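Biologist: Hello! I am new to reading protein structures. Could you walk me through some charges and a metal site?

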Amino acid sequence: MISIALAGKPNAGKSTFYKAATMADVDVANYPFTTIDANRGVSSVRTDCPCLERDERCGDEHCRAGKRYVPIELLDVAGLVPGAHEGRGLGNQFLDELTNADAIVNVVDASGGTNEEGEPVEVGTYDPVEEVDFIEEEMDQWLAGIIDRNWETVERQSRSPDFDVDDALAEMLTGFGATEADVAASLRDLDYPEDPIQWTDDHREALARDVRARTKPIILVANKADVAPPENIERLNETGKPVIPATAEGELALRQAAEAGVVDYDPGDDDFEIVGDLSDEQSAGLEKIREVMAERGGTGIQTALDHAVYELLDRITAYPVQNETRWTDAKGNVLPDAFLLPRGSTPTDLAYAVHSDIGDGYLHAVNAKTNREVSESYELEEGDVIKIVSTAS
Ligand SMILES: Nc1nc2c(ncn2[C@@H]2O[C@H](COP(=O)(O)OP(=O)(O)OP(=O)(O)O)[C@@H](O)[C@H]2O)c(=O)[nH]1
Ligand SMILES: [Mg+2]
């Protein structure tokens, strides 16, 4: 499963985001370091379900009237403060929690109402662009530290006649989620001495920055958009990084109201409808959220996850089925599974994602939308429904 980590300074709203996106019960409070142990749960990204192209909606539990929710893992970690990689704040172990993440959502307090340590200050007095820089810097320095600590091993390996710097670094960095291709691409970008013994701290740091950016891409969530001065969001946009304005608190209120049956709202909708009885205070609260949604096209929470998976990680959704006419599995469930595969994946890749035996026994595949056989090199597209024929199925 794809794993997205919520990182950021303390008190920015990571746990509120997490709580809204997973509906798990976690602590949220207006002081730094509310979260100590990481929270790990299941959320989802939203896409158009292929059933929209047919007469009937599929009725799958992950599909609400054609809005398809595909599971991803979400991680909520303790806040990072400047110097975290050297053990400041709650230290380094939380950076280690990010190891398995495919992408990072940096939850920024766009209201400027908390300082770099996460302590409450007057709204608009802290510049949120600073936390964008230091969070990235902490992650880069943390990886540089890992590379430093392992460098002796690389030096030792370099004495062997069949030493290959790409292989050695790939081996060191796989634990961090870097593939051989990532390492090779980073090394192509950088100037470095052949002999690892000649590498300086600067060489290792440059490698760390490049590998980090490649393997842990970051998207910014400009949280607390409900109270943020508009110029703060503009300034965040000027960083040139992807920025999604959001209100985690608004999303949480809406999901709780939807669960209680008083509003009609599906995550990622740009508006909601009140369908139950509410107190004046509750109605007023929801109407305030509606204003932010109207301005921003929604609460931003679902949008942020969707952007991380579909844009930053460039994934597509593919749906394997056993019956290409009814789009069902062996038990008759319509479109029961959805896989988030890297763009460029082929039917064989989908077969392997379903099960390694299905991949090993791959014979051919049928595009269930066109009812035509597709070649082994066919590039899957968003929303493809595919029947895989395999000796193992
Ligand atoms: N106005 C406003 N406040 C928010 C929003 N999201 C979160 N908050 C508030 O911000 C404070 C911190 O929220 P948390 O979710 O605990 O923040 P955190 O980033 O997990 O904090 P640590 O665990 O301490 O690192 C709480 O008082 C939340 O209610 C939002 O969208 N708007
Ligand atoms: Mg927290």
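Biologist: How many salt bridges does a search of the whole structure find?

Modeller: A salt bridge is a side-chain nitrogen of Lys or Arg within 4 Å of a carboxyl oxygen of Asp or Glu. Searching the whole structure gives 27 salt bridges. This is a predicted model, where local features need pLDDT of at least 70, side-chain atom pairs count only at pLDDT 80 or more, and totals for chains, interfaces and linings use all residues. Residues are numbered from 1 along each chain as its sequence is written, chains are lettered from A and ligands numbered from 1 in the order in which they are written, and side-chain values use heavy atoms, with hydrogens and water left out.

Biologist: Which parts of the chain does the salt bridge of Lys67 and Asp269 tie together?

Modeller: Helices (H or I, at least four residues) and strands (E, at least two) are DSSP runs, numbered from the N terminus. The side chains of Lys67 and Asp269 meet at 3.2 Å, N to O. Lys67 belongs to strand β4 (residues 67-76) and Asp269 to the loop between β8 (263-264) and β9 (273-274), so this pair ties together parts 202 residues apart in sequence.

Biologist: And where do Arg214 and Asp189 lie?

Modeller: Their closest N and O atoms are 2.8 Å apart in a salt bridge. Arg214 is in helix α6 (residues 201-215) and Asp189 in helix α5 (residues 180-189), so parts 25 residues apart in sequence are tied together.

Biologist: Is Asp189 buried or exposed?

Modeller: Buried means under 20% relative accessible area, exposed over 50%, and partly exposed in between (1.4 Å probe, protein chains only). Asp189 counts as exposed because its relative accessibility is 51%, whereas Arg214 is partly exposed at 33%. Another salt bridge joins Asp25 and Lys19 (3.9 Å, N to O); Asp25 is exposed at 73%, while Lys19 is buried at 17%.

Biologist: Which residues are linked in a network of salt bridges?

Modeller: Glu136, Glu137, Asp140, Glu205, Arg209, Arg212 and Lys241 are linked in that way.

Biologist: Now the metal: which protein donors does the magnesium ion have?

Modeller: Donors are N, O and S atoms within 2.8 Å of the metal (3.2 Å for Na, K and Ca); water is not among the atoms, so sites may look incomplete. For the magnesium ion (ligand 2), the protein donors are Ser15 (OG) and Thr35 (OG1), 2.0 to 2.1 Å from it. Ser15 sits in helix α1 (residues 14-22) and Thr35 in the loop between α1 and β2 (39-48), 20 residues apart. Ser15 is buried at 7% relative accessible area, and Thr35 is buried at 11%.
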